[in-house]
Number of protein chains: 2
Amino acid sequence: MKLSEAKAQFISSWGAFGTHWGINRTMAQIHALLLISPDPLTQDDIMEQLNISRGNVNMNTRDLISWGLVDRVLIQGERKEFFSAEKDIWKVATQIIKERKKRELDPMLKLLGQLEQVDGDKKDKNVKQFVDTVGGIRKFGTQADKMLDVMIKADESWFVGSLLKFFK
Amino acid sequence: MKLSEAKAQFISSWGAFGTHWGINRTMAQIHALLLISPDPLTQDDIMEQLNISRGNVNMNTRDLISWGLVDRVLIQGERKEFFSAEKDIWKVATQIIKERKKRELDPMLKLLGQLEQVDGDKKDKNVKQFVDTVGGIRKFGTQADKMLDVMIKADESWFVGSLLKFFK
DNA sequence: ATATATTTTCAATAAGTTTTGAAAATTCAA
DNA sequence: TTGAATTTTCAAAACTTATTGAAAATATAT
């Protein structure tokens, strides 16, 4: 397979993959393009390579920056801004985990804690089922949360070495 | 907080939460409703409680069944079909992991393996970056895949006991 | 068999999300 | 400053996805 063909496939699949994870197609495609580009790219490079508008590139690169996955880089003697993606996939993964934990898991756990305080007689099966379900989800989520915290702090070699040996 | 209010909040947040995970809002809401219902519900119960159409309930319950999260149950002497959700949150989580692995991760790893075979000179920095990136993602994904396989086979007490002690 | 209840399907529609593109704002060099 | 280059914004348009509702199919009771 030729590089150009492989690139196109990678970008397109990474985009489709992203949509299953609440990330929009274009944002994931821009990320994919930057991941395989040895050098930083400009807005115009991205527009041209992905056939998308300037506004679209602007919004999505900004979003990628807010996720901590892409950086603006200044290149000596160039007027334009360049964009570059973090290439270390372990860092990419921990960064995504960190952000999603903050944006989704933490608020959900907070809410579940409140909902567990519902009034009413635990003898009522409706109340009981509600409290049991919410409590069960909260306990599970709390454990996942702790586990993810450790992963975020760990570094890859520790993770790969110890954890995968543990999971023989 | 009253039960009715807490229920409404739980259903609405679980729906919003679902959208971040590639699950549509209504499907997640139906799932939430069934999770907190002590008894199985009919199509009409779900339509009424969530204010949605019959067709919508039908499609989304079918989808939940295909994800292995909901079962049809027959109730003695009743003409209508009833729906009931798996309440054990550990089983829910492993079931979701299993399905998403099959639907998303496994095909992605297969593709990445193919893309690594790209033609061209590794001295070319474009080829090198492509192969490095794709290879890195594939290695990471393969490890995650193995780890998830172990989790799926494990049971909750093993997981909570050993893994969380490991992650002290 | 027939009538009635129930579930399923799916074309039309509604709702939600993404993208465009041109105008406004900003940056920077001379 | 001024003006050219560049980036940002955002309302309108395009596209995508979800929902409705009524007709068709299926199941069940009499």
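**Exercise 1.** How many nonpolar, polar and charged residues does the surface near DNA strand D have?

*Solution.* This is a predicted model: local features need pLDDT of at least 70, side-chain atom pairs count only at pLDDT 80 or more, and totals for chains, interfaces and linings use all residues. Residues are numbered from 1 along each chain as its sequence is written, while chains are lettered from A and ligands numbered from 1 in the order in which they are written.

Step 1. Fix "near": the C-beta atom, placed from the backbone, lies within 6 Å of the strand.

Step 2. Fix the classes. Ala, Val, Leu, Ile, Met, Phe, Trp, Tyr, Cys and Pro are nonpolar; Asp, Glu, Lys and Arg are charged; the others, Gly among them, are polar.

Step 3. Read off the result: 2 nonpolar, 9 polar and 7 charged residues.

Step 4. Name the nearest. Of the 18 residues around DNA strand D, these are Gly55(A), Glu81(A), Asn24(B), Ser53(B) and Gly55(B).

**Exercise 2.** Find which helix gives the most to the surface near DNA strand D.

*Solution.* Step 1. Helices are DSSP runs (H or I, at least four residues), numbered from the N terminus.

Step 2. α4 (54-66) of chain A, with α2 (25-35) and α4 of chain B, each supply at least two residues.

Step 3. α4(A) gives the most, with 4 residues.

**Exercise 3.** Describe how α3(B) and α4(B) cross.

*Solution.* Step 1. Fit axes to C-alpha atoms over the stretch in contact; angles run from 0 to 180 degrees between N-to-C directions.

Step 2. The axes of α3 (residues 43-50) and α4 (residues 54-66) of chain B come within 9 Å and cross at roughly 115°.

Step 3. The two helices are therefore roughly perpendicular (65 to 115 degrees).

Step 4. Gln43(B), Ile46(B) and Met47(B) in α3(B) meet Arg54(B), Val57(B) and Asn58(B) in α4(B). Contact means C-beta atoms, placed from the backbone, within 7 Å.

Step 5. By class, this contact has 3 nonpolar, 2 polar and 1 charged residues.

**Exercise 4.** Work out how chains A and B are related.

*Solution.* Step 1. Superpose by least squares on the C-alpha atoms of residues with pLDDT of at least 70 in both copies.

Step 2. Chain B lies on chain A with an RMSD of 0.1 Å after a turn of 180° and a shift of 0.0 Å along the axis.

Step 3. The copies are thus related as by a two-fold rotation axis.

Step 4. Of chain B's residues, Trp21(B) comes closest to that axis, at 2.6 Å (C-alpha).

Terms used
Angles under 35 degrees count as roughly parallel, over 145 as roughly antiparallel, 65 to 115 as roughly perpendicular and the rest as oblique. Two residues are in contact if their C-beta atoms, placed from the backbone, lie within 7 Å.
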